[in-house]
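Walk through this fold from its helix packing to its core. Keep the 3D view open as you read.

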Amino acid sequence: MKITTQGKGIRIGERLEGKISDKMRKFDKYFGEEGSFNVRIRPEGSLMVVEITMKLDNKVYRAEARDEEILTAVDRAIDKLESQIRRQKTKFLKKKKEYTT
C-alpha cells in the first residue's frame, strides 16, 4: 500500500507521517498491498482539514474531515472511508448472491 502525505500551508513531520501511516494500516485487511492513498492536510481558519483519497483498480474513495487536532481529523476521515468501503463490499456481495440464486 502506497501512502503519500502532503501538507498545504503546513509542514508534515516524520513523526506525524508515521502516525498517519500506522492508522492507515487498518485497510491492509481489505486490500493487502494493493491501492494507493493520498492524504492532504491543510489549515482552514482554526481547523485542520484532512482529505484522504484512495485509488484501487478503477474505483476512487474519498473522505474529508475537519477538527482542531490533526490526528482527530485523520481518525474521522479514516472512519468515513472505512464506512464507504464496507458499504461497497456489502453491495457487491449482495449482487453476487442475487446472481447465483
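In this predicted model, helix H1 covers residues 14–24 and lies across three strands: E1, E2 and E3. Its direction makes an angle of about 130° with E2, the strand at 36–44.

Now take the sheet itself. It is open and has four strands, in the order E1-E2-E3-E4. The pairing is mixed. Strand E1 (2–7) and strand E4 (59–67) stand at the edges, and each has a single partner strand, so one side of each lacks a neighbour in the sheet. From one strand to the next, the twist averages 15°.

Look next at the pair E3 and E4. Strand E3 spans residues 47–56 and runs antiparallel to E4, with nine bridges joining the two. To find the register, start from Val-49: its bridge partner in E4 is Arg-66.

Then turn to the nonpolar side chains. In soluble globular proteins, such side chains tend to be buried together. The largest nonpolar core here holds 25 residues. Phe-27, Ile-41, Ile-52 and Leu-81 touch the most other members. Two or more residues come from each of H1, E2, E3, E4 and helix H3 (70–100). Which element gives the most to this core? H3 does, with seven residues.

Ile-52 is a good place to zoom in. Leaving out residues up to four places away in sequence, Ile-52 touches Met-24, Phe-37, Asn-38, Val-39, Tyr-61, Arg-62 and Ala-63, among others. Its contacts also include Val-74, Ala-77, Ile-78 and Leu-81. Leu-81 is itself one of the core residues that touch the most other members.

Technical notes:
Residues numbered from 1 in each chain as written. Predicted model: local features only at pLDDT ≥ 70, side-chain atom pairs only at ≥ 80, totals over all residues. Heavy atoms only, no water. Pairing = 2+ DSSP bridges. Axes fitted to C-alpha atoms, helices over the stretch in contact; angles between N-to-C directions. Contact = heavy atoms within 4.5 Å. Core = buried A, V, L, I, M, F, W, Y, C linked by side-chain atoms within 4.5 Å. Buried < 20%, exposed > 50% of the residue type's maximum accessible area, 1.4 Å probe, protein only.
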